[in-house]
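I record here what I looked up, beginning with the overall fold and ending with the ligand surroundings.

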Amino acid sequence: MLKKTIIYIKLWILFQLFVEISCQIKPLERKYHTATLIDNKLYILGGGIILTDSAEKAGKEFFYLDVSVAFNTQKLFWQDLSNVNTVPSHIGATAVKGGANNNTIFLYGGTDTVPTLVYIYDPQSNSWSIPKIGGYNIHEKKRYMKGVIDTNEKMYIWGGSVVGGTNSDMFILDTINLRWGIGNLIGAPTPRSEHGAILLPNNNIMYMGGYYHDYLPLNQVYFYNIINDNWSTENTLGNIPSSRTSFSVVLGLDGQNVIIFGGNIDTESGSIPPGESLYVLNLNNFEWSVPKISGPIPNSRNGHQANVIGVYMVISFGSGYDRSVESDILLLDIRNNNEYTWTYNFDPLATPITPAKSETPVTSMTPAATPVTTHIMIQQSSNNQPAMIGAIIGSLFGGILLSFGGFFLYKWNKNKKKQKNIMPTPGNENHDNYDREVTLITTEKNIHNHGQEFIQIPKNENTTNHELITNSVINKDSNHGQEAIINENPSIQNISDNVLENLKNEMIQAVRQEIMQNLKETIQNNE
Ligand SMILES: *[C@@H]1O[C@H](CO)[C@@H](O)[C@H](O)[C@H]1NC(C)=O
Ligand SMILES: *[C@@H]1O[C@H](CO)[C@@H](O)[C@H](O)[C@H]1NC(C)=O
């Protein structure tokens with residue numbers, strides 16, 4: 001009886017692995033889509049390439065990238081949620097994270113002709129719906145503008161185009177109380193679309209560039225103050241970028257700089273040479289400059305989106321690149337203001353550079369513990385019963401992995417003597433790095449255990465090697481096969497990679513054997 005249960009659980013795990021793989025999607029190309037970060041998932045919806053019918057098809061797709069784990073942009077695993085997408089295909093909408101729980105996508109506007117202005121997506125129920133919004137009577141569905149959310153969960157939507165022209169209005173959506181309001185327009189700049197917008201730490205939303213009968217210059221930037229409901233203007237200096245539209249804007253990690261990337265300029269092709277795609281605006285003196293960069297410089301893009309995730313400016317989709325050469329995702333490591341780095345590798349635990357050596361750099365970056373809801377259920381269910389089953393089996397799954405962890409802890413201990421010469425031991429010169437690795441893995445584990453309590457690794461004890469391995473084994477299985485271990489010391493990295501790789505193979509082998517044997521027994525018993 002127990003054996004049978006175990007077999008079912010194992011089959012279920014295999015099935016889950018299968019589901020995990022089959023829920024992946026190779027998305028269509030797109031620009032003027034939306035990209036919204038909620039709970040370590042970057043959700044992509046809408047957009048398309050206007051001159052083809054791909055816009056209609058691309059709009060059917062809804063998917064996310066899991067940014068709680070390390071990944072390489074050249075091997076992306078997009079998780080498909082298209083089966084719950086009820087939003088009409090559209091281009092040029094805007095989306096923010098908001099709502100009473102601060103975890104709902106609010107999508108406004110777009111090119112489709114359906115009169116509905118706002119759709120919301122709730123990751124908990126994995127469903128889209130149409131909220132009933134009171135307050136000011138707003139009926140215009142704008143497009144090609146950037147909505148900005150403030151810390152009171154109000155979404156500001158200024159500018160954008162409508163059929164037959166440009167709309168200068170400032171719409172303000174209170175995403176908690178679901179009410180529309182409007183903002184003051186006295187002192188507002190020329191109405192425009194395809195402009196950049198970003199909330200600054202001083203309660204100003206900064207607007208720049210865009211299009212109104214022509215490409216608009218970046219020698220001025222405009223501020224809407226969300227507290228005072230008034231506008232002001234600032235002239236910019238330095239190496240001013242050429243007039244442009246459809247670029248992306250993010251705030252630097254220290255809140256002192258704004259970084260812009262890509263866009264269209266007024267040339268025949270509209271495209272920007274790679275050397276002129278990235279600029280920084282210093283918010284203290286409003287001076288533009290071209291930042292020092294390293295790493296492989298990508299093509300410029302337009303109609304893309306950019307989100308700051310961890311220490312990266314994460315650029316998604318857009319046009320201007322060859323998909324067979326460049327990934328849909330670009331990563332600019334912006335943690336060092338003196339030199340940004342284009343990279344293929346996303347490290348979720350990378351921390352901003354701080355002057356003093358921080359005591360607990362890892363915990364500050366630890367994302368809030370996710371409830372027992374795993375992506376398994378998010379993908380599969382929109383009602384609650386499968387969610388419950390998912391939760392129960394999810395716990396079993398974790399338990400089983402733990403037992404396997406224990407098994408390999410035992411096995412590994414047997415092998416330990418052999419490995420002794422290559423394993424770094426606490427106390428030697430590499431102690432700091434080694435300790436860091438263990439801590440990072442602990443954190444990584446916590447992200448994946450979805451609220452389950454596991455062993456806390458004491459930081460200053462002799463960090464025992466077997467715990468490291470146990471956790472790694474758990475991780476290996478819960479992070480979709482992506483490597484999540486980060487270490488700045490390459491030699492330790494290599495050693496632990498090898499050890500872990502061997503363990504992983506050994507484990508897969510053992511699981512396979514176990515399952516085959518159990519299956520055989522069951523078949524025999526049934527006969
Ligand atoms: C919502 O979450 C964001 C971070 O994603 C945070 O900056 C903001 O302050 C939060 N808002 C509220 C009201 O907690
Ligand atoms: C905006 O309003 C605040 C508060 O009333 C005032 O102090 C400030 O001078 C105003 N700014 C502009 C540009 O009008």
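**Chain overview**

I listed the secondary structure of the chain and obtained eight helices and 32 strands, where helices (H or I, at least four residues) and strands (E, at least two) are DSSP runs, numbered from the N terminus. I note that this is a predicted model, in which local features need pLDDT of at least 70 and side-chain atom pairs pLDDT 80 or more, while totals for chains, interfaces and linings use all residues. Residues are numbered from 1 along each chain as written, chains are lettered from A and ligands numbered from 1 in written order, and side-chain values use heavy atoms, without hydrogens and water.

I looked up burial: 51% of the 527 residues count as buried, that is, under 20% relative accessible area with a 1.4 Å probe, protein chains only. The accessible surface (Shrake-Rupley, 1.4 Å probe) is about 24300 Å², with 53% belonging to carbon and sulfur atoms.

I then checked contacts (heavy atoms within 4.5 Å). Among those with a separation of 6 or more, 59% join residues 24 or more positions apart.

**Ligand 1**

I asked which residues are around ligand 1. They are Lys97, Asn102, Thr151 and Glu153, each with a heavy atom within 4 Å of the ligand.

I looked up the polar contacts (pairs of N or O atoms within 3.5 Å). Polar side-chain atoms of Lys97 and Asn102 lie 2.7 Å and 2.4 Å, respectively, from an oxygen atom of ligand 1. A side-chain N or O atom of Glu153 is 2.6 Å from a nitrogen atom of ligand 1. Taken alone, ligand 1 exposes 370 Å², of which the protein buries 41%.

Note on methods. Buried means under 20% relative accessible area, exposed over 50%, partly exposed in between (1.4 Å probe, protein chains only). A polar contact is a pair of N or O atoms within 3.5 Å; within protein, one must be able to donate a hydrogen and the other to accept it, and residues adjacent in sequence count only if both atoms are side-chain atoms.
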